[in-house]
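Subject: Structure handover

Hello,

Here is the structure I promised to pass on. Please open it first, then read my notes below.

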Amino acid sequence: MLDLAAAPKKATNLTLNTKTLEMARSLGINLSQTVDALLAAEVKRIYWERWNAENKEAIDHYNARIAEEGTFAEQVNRWLAEQGEDASGPVQKAA
């Protein structure tokens with residue numbers, strides 16, 4: 001997973017809209033903290049968007065297989081039912 005918070009900080013220059021910058025300062029907004037948090041969120045969003053696109057074929061294949069065969073737990077439960085059992089043990093038949 002992306003752990004961006006653990007990385008050290010590095011000074012950088014930004015070009016910002018002067019009105020926005022003035023208002024942010026007058027409101028007491030910590031620019032470094034705000035930009036860092038917003039940029040981290042955008043990096044994560046784009047990272048996962050690309051990851052999903054790159055892995056779409058595998059994800060679609062997996063989802064199709066699960067839709068057809070069910071999950072492993074569902075397969076086990078079907079097998080147990082065929083054996084006359086459930087997850088807690090043999091099914092007791094009413095007398």
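Let me start with the surface. The accessible surface of the protein is about 8800 Å². Carbon and sulfur atoms account for 57% of that area. Keep in mind that this is a predicted model.

Next, burial. Just 4% of the 95 residues are buried. A residue counts as buried when its relative accessible area is under 20%.

Now the overall dimensions. The radius of gyration is 26 Å, whereas a compact globule of 95 residues would come out near 12 Å. Along the principal axes, the C-alpha atoms fill a box of roughly 80 × 35 × 25 Å.

What is the chain built from? The protein has four helices and two strands. Follow the elements from the N terminus and you read α-α-α-α-β-β. The helices therefore come before the strands in that order.

Charges come next. There are 11 positive side chains and 14 negative ones. How far apart do the centres of the two sets lie? The answer is 12 Å.

Then the aromatic rings. A pair of aromatic rings is described by two things: the distance of the centres and the angle of the planes. Searching the whole structure turns up two such pairs. One of them joins Tyr47 and Trp48. Their centres are 5.0 Å apart, and their planes meet at 90°. That pair is edge-to-face. The label fits because planes over 60 degrees apart count as edge-to-face.

Trp48 also pairs with Trp51. Here the centres are 5.6 Å apart and the angle between the planes is 70°. This pair is edge-to-face too. Where do Trp48 and Trp51 sit relative to each other along the chain? They are three residues apart in helix 2 (residues 31–54), so about one helical turn separates them.

Put the pairs together and you get a cluster: ring pairs link Tyr47, Trp48 and Trp51.

Are these three rings' residues buried or exposed? Each falls in between, as partly exposed. The relative accessibility is 38% for Tyr47, 30% for Trp48 and 34% for Trp51. The reason is the cut-offs: partly exposed lies between buried, under 20%, and exposed, over 50%.

Find Trp48 in the viewer, and you can trace both ring pairs from there.

Best wishes

Definitions and conventions: Residues are numbered from 1 along each chain as its sequence is written. Side-chain values use heavy atoms; hydrogens and water are left out. The radius of gyration is taken over C-alpha atoms; the globule rule is 2.2 Å times the number of residues to the power 0.38. Buried means under 20% relative accessible area, exposed over 50%, partly exposed in between (1.4 Å probe, protein chains only). Accessible areas come from the Shrake-Rupley method with a 1.4 Å probe; for residues, only the protein chains shown count as cover. Lys and Arg count as positive and Asp and Glu as negative; His and the chain ends are not counted. The place of a charge is taken as NZ of Lys, CZ of Arg, CG of Asp or CD of Glu. Rings of Phe, Tyr and Trp (its six-membered ring) pair if their centres lie within 6.5 Å; planes under 30 degrees apart count as stacked, over 60 as edge-to-face and the rest as tilted.
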